[in-house]
Amino acid sequence: MKCIYPTIPPVSPRSDRPKWSVMIPTYNGTKYLEQTLKSVLAQDPGSEQMQIEVVDDCSTEGDPELLVKEIGQGRISFFQQPQNLGLIGSWNSCIQRASGEWIHILHQDDIVLPGFYQRLESAMSSEAGAAFSRFLFMDEDGHWQRLEEIERPTCGILEHWLEKIATTQRIQFPAMVVKRSVYEALGGFCSEAYYASDWEMWKRIAAHYPIWYEPQTLACYRIHSASETSR
């Protein structure tokens, strides 16, 4: 498989650039979106520190824009693609639209737990190119099912991480944040890898940058029959 990495151009230099860009890709799924948005807003440090945007991939069901207006009350921006880009195209569009120093792609059915952004800010003062927290799996009703294995007992840079992530997918999207400059240097997600494109990205980043780990459980990945992964 030969991967083509989409170019991620840098953002225009600006003094008021936020620390965070929380980018929420959506497609035909408003069932859990309210919970997702509220989990971010509950720890919102303000618009100067955090960009929050829902990026809809031309949904044909539901009305994500209306929900964003009702929940966000002007705090959350909404963008709809002019044409459907598909799962990976939508992820890359999220990165390209992000203006923050660090990017968090949070899917429409996942959530972050209190303290997620505050705890992962510790990575910003390190040499890490990406950071992730311990996370858990939950079902469609929000019941916790399984806690992911802990990688180290204290927060900090992971040792021998490339060897681990190269053999097993050990990260789920809601737990992972990446420096925008890393995407700019390495390119976006590889569409040729399709459902393994996130794993390919985490391996690519680990091959070039240190990875920061937070052992507190701060993100939830939802498993349900209507998810893209299930399909």
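Here are some short exercises on a predicted model, each with a worked solution.

**Exercise 1: the cysteines**

Work out how many disulfides the structure holds, and which cysteines form a disulfide.

Solution.
- Step 1. Let's start with the count: searching the whole structure turns up one disulfide.
- Step 2. Now for the partners. They are cysteine 3 and cysteine 190, whose sulfur atoms sit 2.2 Å apart. The cut-off for a disulfide is 2.5 Å, so this pair passes.
- Step 3. Check the twist. The torsion about the S-S bond of cysteine 3 and cysteine 190 is about -90°, so we call this disulfide left-handed.
- Step 4. Find both ends in the chain. Cysteine 3 belongs to the segment before β1 (20-26), while cysteine 190 is in the loop between α6 and α7; with their positions 187 residues apart, the pair links distant parts of the chain.
- Step 5. Look at the surroundings. Cysteine 3 has 17% relative accessibility, so it counts as buried. Cysteine 190 is at 0%, so it counts as buried too.

**Exercise 2: two cysteines without a bond**

Explain why cysteine 155 and cysteine 220 have no bond to each other.

Solution.
- Step 1. Take cysteine 155 and look for the closest cysteine sulfur: that one is in cysteine 220, 20 Å away, which is too far for a bond.
- Step 2. Turn it around. From cysteine 220, the closest cysteine sulfur is the one in cysteine 155, again 20 Å off and too far for a bond.
- Step 3. Compare their settings. Cysteine 155 is partly exposed because its relative accessibility is 32%. Cysteine 220, with a relative accessible area of 0%, is buried.

**Exercise 3: rings meeting rings**

Describe how the ring of phenylalanine 189 is placed against the rings of tyrosine 183 and tryptophan 202.

Solution.
- Step 1. Some context first: the structure has 13 aromatic pairs.
- Step 2. Try tyrosine 183 with phenylalanine 189. The ring centres are 6.0 Å apart and the planes meet at 45°, so this pair is tilted. Tyrosine 183 and phenylalanine 189 are both buried.
- Step 3. Move on to phenylalanine 189 with tryptophan 202. Here the centres are 5.9 Å apart and the planes are at 85°, so the pair is edge-to-face. The angle settles the name, because planes over 60 degrees apart count as edge-to-face.
- Step 4. Place this second pair in the chain. Phenylalanine 189 is in the loop between α6 (180-186) and α7 (197-208), and tryptophan 202 is in helix α7, 13 residues apart.
- Step 5. Check the burial. Phenylalanine 189 has a relative accessible area of 0%, and tryptophan 202 has one of 1%, so it is buried.
- Step 6. Zoom out a bit. Trp91, Phe173, Tyr183, Phe189 and Trp202 make up one aromatic cluster.

**Exercise 4: arginines over rings**

Find which tyrosine ring has arginine 204 over its face, and which has arginine 222 over it.

Solution.
- Step 1. Arginine 204 lies over the face of tyrosine 5, 3.6 Å from the ring centre.
- Step 2. For arginine 222, the ring is that of tyrosine 32: the charged end sits over it, 3.9 Å from the centre.

**Exercise 5: a glutamate and its partners**

Decide whether glutamate 53 is buried or exposed, and name the side chains with which it makes polar contacts.

Solution.
- Step 1. Locate glutamate 53: it is part of strand β2 (residues 50-56).
- Step 2. Its relative accessibility is 5%, so glutamate 53 counts as buried.
- Step 3. Now its polar contacts. One runs to the side chain of serine 77, at 3.0 Å. Another, of 2.5 Å, joins the side chains of glutamate 53 and arginine 97.
- Step 4. Beyond its neighbours within four places in sequence, glutamate 53 also touches other residues, including Val22, Ile24 and Phe79.

**Exercise 6: the buried side of a helix**

Work out where the buried residues of α2 lie around its axis, then do the same for α1.

Solution.
- Step 1. List them for α2 (residues 64-72): Pro64, Leu67, Val68, Ile71 and Gly72 are buried.
- Step 2. Seen down the axis, the buried residues of α2 fall within an arc of 110°, so they line one face of the helix.
- Step 3. Ask what they pack against: β1, α1 (33-41), β2 and β3 (77-80).
- Step 4. Over to α1, where Leu33, Thr36, Leu37, Ser39 and Val40 are buried. Their arc around the axis is only 160°, which puts them on the same side of α1.
- Step 5. The buried residues of α1 pack against β1, β2, α2, β5 (111-112) and α4 (116-120).

Note on methods: Residues numbered from 1 in each chain as written. Predicted model: local features only at pLDDT ≥ 70, side-chain atom pairs only at ≥ 80, totals over all residues. Heavy atoms only, no water. Phe/Tyr/Trp six-rings, centres within 6.5 Å; stacked < 30°, edge-to-face > 60°. Buried < 20%, exposed > 50% of the residue type's maximum accessible area, 1.4 Å probe, protein only. Helix = DSSP H or I, 4+ residues; strand = E, 2+ residues; numbered from the N terminus. Lys NZ or Arg CZ within 6 Å of the ring centre and 35° of its normal. Polar contact = N/O pair within 3.5 Å; in protein donor to acceptor, adjacent residues only side chain to side chain. Contact = heavy atoms within 4.5 Å. Arc of directions from axis to C-beta.
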